[in-house]
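Dear colleague,

Please find below the structure that I am handing over to you. My notes on it follow directly after.

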Amino acid sequence: MIRHVVTWKLASEDTAERGRQAEEVARRLNALDGVVPQLRAISAGANSLYPDANWDVTLVADFDSVESLEQYQVHPAHEEVAAYIRSVVASRVAVDFAV
């Protein structure tokens, strides 16, 4: 199994706006559950503490294989969510590892 972990720092300098956008990113990502068949598990959440120090939103998603992760990346529903994320993000970090 492959665990895909992504964390984003959003571009807005307004803390409240970043919080709203982070909630929207998490909502859209979590809505992929049951839509993208390659997803074995997904959990996304907006940061709830220390907004000036912490990153804004994180995704943890599990896939059966690297091929499943790659299929997820190009799934139309994921591409739609990714387009929204790109419109509000400043920085992205990711780690993929076997579990």
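Is Y50 buried or exposed? Y50 is exposed, with a relative accessible area of 58%, where exposed means over 50%, buried under 20% and partly exposed in between (1.4 Å probe, protein chains only). Before the remaining findings, the conventions should be stated. This is a predicted model, in which local features need pLDDT of at least 70 and side-chain atom pairs count only at pLDDT 80 or more, while totals for chains, interfaces and linings use all residues. Residues are numbered from 1 along each chain as its sequence is written, and side-chain values use heavy atoms, with hydrogens and water left out.

Y50 belongs to the loop between β2 (41-46) and β3 (57-63); helices (H or I, at least four residues) and strands (E, at least two) are DSSP runs, numbered from the N terminus. Although Y50 is not a glycine, its phi is positive, at about 50°.

A second loop, between β1 (2-10) and α1 (15-30), holds S12. In contrast to the exposed Y50, S12 is buried, at a relative accessible area of 13%. Its side chain makes a polar contact of 2.7 Å with the side chain of E17. A polar contact is a pair of N or O atoms within 3.5 Å; within protein, one must be able to donate a hydrogen and the other to accept it, and residues adjacent in sequence count only if both atoms are side-chain atoms. The partner, E17, lies in helix α1 and is partly exposed, at 32% relative accessibility. With neighbours within four places in sequence left aside, S12 is in contact (heavy atoms within 4.5 Å) with E17, R18 and Q21.

Turning to the interior, the largest nonpolar core has 24 residues, and those with the most contacts inside it are W8, V25, L29, L32, L39, L59 and Y72. Such a core is a set of buried Ala, Val, Leu, Ile, Met, Phe, Trp, Tyr and Cys residues joined through side-chain atoms within 4.5 Å. At least two residues of this core come from each of β1, α1, β2, β3, α2 (66-74) and α3 (76-88). The most is given by α3, with five residues.

Y72 merits separate mention. Residues up to four places away in sequence not being counted, Y72 touches H4, L29, L32, V36, Q38, L39, L59, F63 and H78. The count of aromatic pairs comes to one: F63 and Y72 form a tilted pair, 4.9 Å centre to centre with 50° between the planes. Rings of Phe, Tyr and Trp (its six-membered ring) pair if their centres lie within 6.5 Å; planes under 30 degrees apart count as stacked, over 60 as edge-to-face and the rest as tilted. Both F63 and Y72 are buried.

Which residues of α2 are buried? They are S68, L69 and Y72. Seen down the axis of α2, these residues fall within an arc of 100°, so they line one face of the helix; the arc is that of the directions from the helix axis to the C-beta atoms. Their cover includes β1, α1, β3, α3 and β4 (89-98).

Also in helix α2 is Q73, which is partly exposed at 29% relative accessibility. Q73 touches H4, H78 and E79, residues up to four places away in sequence not being counted.

Yours sincerely
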